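Q: Got a minute to walk through this one with me? I'd like to start with charge pairs and then look at packing and empty space.

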Amino acid sequence: MAELIKTFFPWLVLLSNILFVFCLIAYLARNSWGKKVINWFGKNALILGVIVSLTAMVGSLSYSEIVGWEPCFLCWWQRIFIYPQLVLFSIALWKKDTAVWRYVVPLAFIAIAISIYHVNIQWGGFSLTPCPATGPSCDKVFAKEFGYITLPLMALSASVYLIGLSLANKFQIKNENRNA
């Protein structure tokens with residue numbers, strides 16, 4: 001099971017990174033074919049937010065509880081800002097409340113900042129503080145797939161996707177209001 005997890009999630013992140021690039025291209029083509037793509041993501045942003053946040057949570061728990069990799073100090077902080085998003089998105093989906101972005105986006109930006117800092121440390125960059133004496137080192141790279149996908153990059157990807165969904169939702173609402 002551990003080997004399946006170590007294979008599945010990097011492939012999922014790689015495919016989602018490719019999809020994200022496609023969405024960026026769609027945004028650049030928003031005055032033609034891209035408008036339909038962005039509107040689709042905007043209309044489905046709440047359910048996609050549930051899926052992204054659930055996948056991030058299940059992925060991180062799978063690595064620590066099934067694979068056995070103990071999260072470092074920075075991993076815990078990334079989890080602190082990603083895990084609540086599943087609850088927020090689930091309630092928002094149930095209530096059909098697009099105001100959830102007011103709460104999700106700040107959490108995602110904080111998770112992004114921590115993830116970028118963590119990726120920087122793992123790639124040999126500077127560290128503002130020494131790693132705590134207990135637990136695994138924050139600069140330890142447990143996995144590096146496809147030459148760039150590490151655990152903090154997975155958290156970074158999920159947080160960037162949530163912000164992207166927020167923007168797609170705003171774009172879609174703006175288009176609906178313009179067409180009404």
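**Salt bridge, helix contact and pocket**

A: Happy to: searching the whole structure turns up one salt bridge, meaning a side-chain nitrogen of Lys or Arg within 4 Å of a carboxyl oxygen of Asp or Glu. This is a predicted model, where local features need pLDDT of at least 70, side-chain atom pairs count only at pLDDT 80 or more, and totals for chains, interfaces and linings use all residues. Residues are numbered from 1 along each chain as its sequence is written, and side-chain values use heavy atoms, with hydrogens and water left out.

Q: Which residue forms a salt bridge with Lys-6?
A: Glu-3, with the closest N and O atoms 3.0 Å apart. The two sit three residues apart in helix α1, so about one helical turn separates them. Helices here are DSSP runs (H or I, at least four residues), numbered from the N terminus.

Q: Cool. New topic: how do α1 and α6 cross, left-handed or right-handed?
A: Left-handed, which means the near helix is turned anticlockwise from the far one by less than a right angle.

Q: And which residues make the contact?
A: On α1, Phe-9, Pro-10, Val-13, Ser-16, Asn-17 and Phe-20; on α6, Leu-153, Met-154, Ser-157, Val-160 and Tyr-161. Contact means heavy atoms within 4.5 Å.

Q: Which helix gives the most to the lining of the largest pocket?
A: α6, with 13 residues. A pocket is an open set of points on a 1 Å grid over the protein atoms alone, where a 1.4 Å probe fits, with protein on both sides within 12 Å along at least five of seven lines; lining residues have an atom within 4 Å of a point.
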